[in-house]
Amino acid sequence: MTWRSQLSKNLKELRVHFCQTSPASKGVREFIAQNYSSLKAANPHFPILIREASGVEARFFARYDFGKETKVVLNNLSSKDVESKLEELVTKSPAR
């Protein structure tokens, strides 16, 4: 997938927030377990910050150039849907 290698070209930072036990965060936990290694291998110097906290909403925060940030809520999504949301963040520019 070409968007995976463009992660560090289009974004400046990706933060992932989720709960370790909540059913609403299950898709995010599965996505991280299955894909973190390959994302890091394709983008070794790109900061992917993973934050686990009890009871938090599952979400991505994508930081772009000039401090622009986009938040995407990931509650109750499957691992495949979480991947689609990340692909959207990588391939689309933030609103100016």
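Two residues are said to be in contact when heavy atoms of theirs lie within 4.5 Å. The legends below describe close-up views of a predicted model.

**View 1. His-17 in strand E1 and the residues around it.** His-17 is part of strand E1, and with a relative accessible area of 18% this residue is buried, because the limit for that class is under 20%. When its neighbours within four places in sequence are left aside, His-17 is in contact with Arg-51, with the run Val-56, Glu-57, Ala-58 and Arg-59, and with Phe-61.

**View 2. The chain as a whole, as a setting for the close-ups.** The chain holds four helices and four strands, and read from the N terminus on, these elements follow one another in the order α-α-β-α-β-β-β-α. The C-alpha trace spans about 35 × 30 × 20 Å along its principal axes. A compact globule of 96 residues would have a radius of gyration near 12 Å, and the 13 Å of the chain agrees with this. Of the 96 residues, 40% count as buried, while the accessible surface of the chain comes to about 5500 Å², with 49% of it belonging to carbon and sulfur atoms. Among the contacts with a separation of 6 or more, 70% are accounted for by residues that stand 24 or more positions apart.

**View 3. Helix H3, its bend and its cover.** Helix H3 runs through residues 26–42, and its 17 residues reach 24 Å from the first C-alpha to the last, close to the 24 Å expected at 1.5 Å a residue. At Asn-35 the helix H3 bends by about 50°, and Asn-35 is also one of the buried residues of this helix, together with Gly-27, Val-28, Phe-31, Ile-32 and Leu-39. The cover over the buried residues of H3 includes the helices H1 (2–5), H2 (7–10) and H4 (79–91), as well as the strands E1 (13–18), E2 (48–52) and E3 (59–63).

**View 4. The aromatic pair of Phe-31 and Phe-60.** A search of the whole structure finds one aromatic pair. This pair is formed by Phe-31 and Phe-60 in an edge-to-face arrangement, with 6.5 Å from centre to centre and 75° between the planes. Phe-31 lies in helix H3 and Phe-60 in strand E3, so the pair ties together parts of the chain that are 29 residues apart in sequence. Both partners count as buried, Phe-31 at 1% relative accessibility and Phe-60 at 0%.

**View 5. Arg-4 in helix H1.** Arg-4 is found in helix H1, and with a relative accessible area of 13% this arginine is buried. Apart from its neighbours within four places in sequence, Arg-4 is in contact with Asn-35, Ser-38, Leu-39, Ala-42, Asn-43 and Glu-83. Two of these partners, Asn-35 and Leu-39, are themselves named among the buried residues of H3, and Asn-35 is the residue at which H3 bends.

**View 6. Leu-74 in the loop between E4 and H4.** Leu-74 is found in the loop between E4 and H4, and at 0% relative accessibility this loop residue counts as buried. Not counting residues up to four places away in sequence, Leu-74 touches Ala-24, Val-28, Ala-58, Arg-59, Phe-60, Val-82 and Lys-85. Among these partners, Val-28 is a buried residue of H3, and Phe-60 belongs to the aromatic pair with Phe-31. The C-alpha atoms of Leu-74 and Ala-33 are separated by 16 Å, and these two residues stand 41 residues apart along the chain.

**View 7. Two loop residues with positive phi, Phe-66 and Asn-76.** Phe-66 has a positive phi of about 60° although this residue is not a glycine. Phe-66 lies in the loop between E3 and strand E4 (69–73), and at 77% relative accessibility it counts as exposed, because that class begins over 50%. Asn-76, which is not a glycine either, also has a positive phi of about 60°. Asn-76 lies in the loop between E4 and H4, where Leu-74 is found as well; Asn-76 is exposed, with a relative accessible area of 62%, whereas Leu-74 counts as buried.

Terms used: Residues are numbered from 1 along each chain as its sequence is written. This is a predicted model: local features need pLDDT of at least 70, side-chain atom pairs count only at pLDDT 80 or more; totals for chains, interfaces and linings use all residues. Side-chain values use heavy atoms; hydrogens and water are left out. Helices (H or I, at least four residues) and strands (E, at least two) are DSSP runs, numbered from the N terminus. The expected span of a helix is 1.5 Å times one less than its number of residues. The bend at a residue is the angle between axes fitted to the seven residues ending there and the seven starting there. Buried means under 20% relative accessible area, exposed over 50%, partly exposed in between (1.4 Å probe, protein chains only). The radius of gyration is taken over C-alpha atoms; the globule rule is 2.2 Å times the number of residues to the power 0.38. Accessible areas come from the Shrake-Rupley method with a 1.4 Å probe; for residues, only the protein chains shown count as cover. Rings of Phe, Tyr and Trp (its six-membered ring) pair if their centres lie within 6.5 Å; planes under 30 degrees apart count as stacked, over 60 as edge-to-face and the rest as tilted.
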